[in-house]
Amino acid sequence: MAEDGPQKQQLEMPLVLDQDLTQQMRLRVESLKQRGEKKQDGEKLIRPAESVYRLDFIQQQKLQFDHWNVVLDKPGKVTITGTSQNWTPDLTNLMTRQLLDPAAIFWRKEDSEAMDWNEADALEFGERLSDLAKIRKVMYFLITFGEGVEPANLKASVVFNQL
């Protein structure tokens, strides 16, 4: 059967665990605990079940979000939240207001190989990535792992159509 027009070329961009930045954020939590200090007003401290991931935009222009490619190798749940923060090596603190809505939530049920997701929110979030790619070379995500899942169980990427 003939296609309705030319096939769009796709570009898959992986979300990569940023171990250094995750560790720096964990050190911030430990430092506050050791000194008996409280977080800044509105500051978002990383929790043990959270890690920082990054997406490096290999191409920034003429991208149209197509779909998320998220795979968990065991049952569980992940929540992918984008950040509006452009982190620098000195690690300015992450503030709650810098977390973007909506988040994309993906889960895999027991006895199932299929992934489920909050489709409308995940699609809206994905579409925002196309716009953010125009002004950023890298984007950071806070990924929350639930139900026994950890970074080693996750493979995630975003697929764009090249226009």
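**Note on charges and aromatic rings**

1. R35 is partly exposed, with 48% relative accessible area. Keep in mind that the model is predicted. R35 pairs with E37 in a salt bridge, and the closest N and O atoms are 3.6 Å apart. E37 is partly exposed too, at a relative accessible area of 42%. Both values lie between the 20% and 50% limits, so neither partner counts as buried or as exposed.

2. How many salt bridges does a search of the whole structure find? The count is nine. The R35 and E37 contact passes because its 3.6 Å separation is within the 4 Å limit.

3. R54 and D56 form a salt bridge through their side chains, with 2.7 Å from N to O. R54 has a relative accessible area of 24% and is partly exposed. D56 is also partly exposed, at 36%. R54 is therefore not counted as buried, since that label needs a value under 20%.

4. R108 and E113 meet in a salt bridge, with 3.3 Å between the closest N and O atoms. Is R108 buried or exposed? R108 counts as buried, because its relative accessibility is 10% and the limit is under 20%. E113 is exposed, at 69% relative accessible area. This bridge thus links a buried arginine to an exposed glutamate.

5. Shared partners also matter for the bookkeeping. D18, R54 and D56 are joined into one network by salt bridges that share partners.

6. Which residues form the negative surface patch? They are D101, D121, E124 and E127. Patch members must have no salt bridge and over 30% relative accessible area. D101 clears the area limit, because its relative accessible area is 62%. That value also makes D101 exposed, as it is over 50%.

7. D101 sits in a loop. The loop runs between strand 5 (76-82) and strand 6 (104-108). R108, the buried partner of E113, falls within the range given for strand 6.

8. Now the rings. The structure holds six aromatic pairs. One aromatic cluster is made up of F65, W68, F106, F125 and F141. F106 also falls within the range of strand 6 (104-108). A pair of aromatic rings is described by the distance of the centres and the angle of the planes.

9. To recap the charges: nine salt bridges are found overall, including R54 with D56 at 2.7 Å and E113 with R108 at 3.3 Å. The negative patch includes D101, an exposed loop residue.

Definitions and conventions
Residues are numbered from 1 along each chain as its sequence is written. This is a predicted model: local features need pLDDT of at least 70, side-chain atom pairs count only at pLDDT 80 or more; totals for chains, interfaces and linings use all residues. Side-chain values use heavy atoms; hydrogens and water are left out. Patches are made of residues with over 30% relative accessible area and no salt bridge: like charges are joined within 9 Å, nonpolar side chains (Val, Leu, Ile, Met, Phe, Trp, Tyr) within 5 Å. Accessible areas come from the Shrake-Rupley method with a 1.4 Å probe; for residues, only the protein chains shown count as cover. Lys and Arg count as positive and Asp and Glu as negative; His and the chain ends are not counted. The place of a charge is taken as NZ of Lys, CZ of Arg, CG of Asp or CD of Glu. Helices (H or I, at least four residues) and strands (E, at least two) are DSSP runs, numbered from the N terminus. Buried means under 20% relative accessible area, exposed over 50%, partly exposed in between (1.4 Å probe, protein chains only). Rings of Phe, Tyr and Trp (its six-membered ring) pair if their centres lie within 6.5 Å; planes under 30 degrees apart count as stacked, over 60 as edge-to-face and the rest as tilted.
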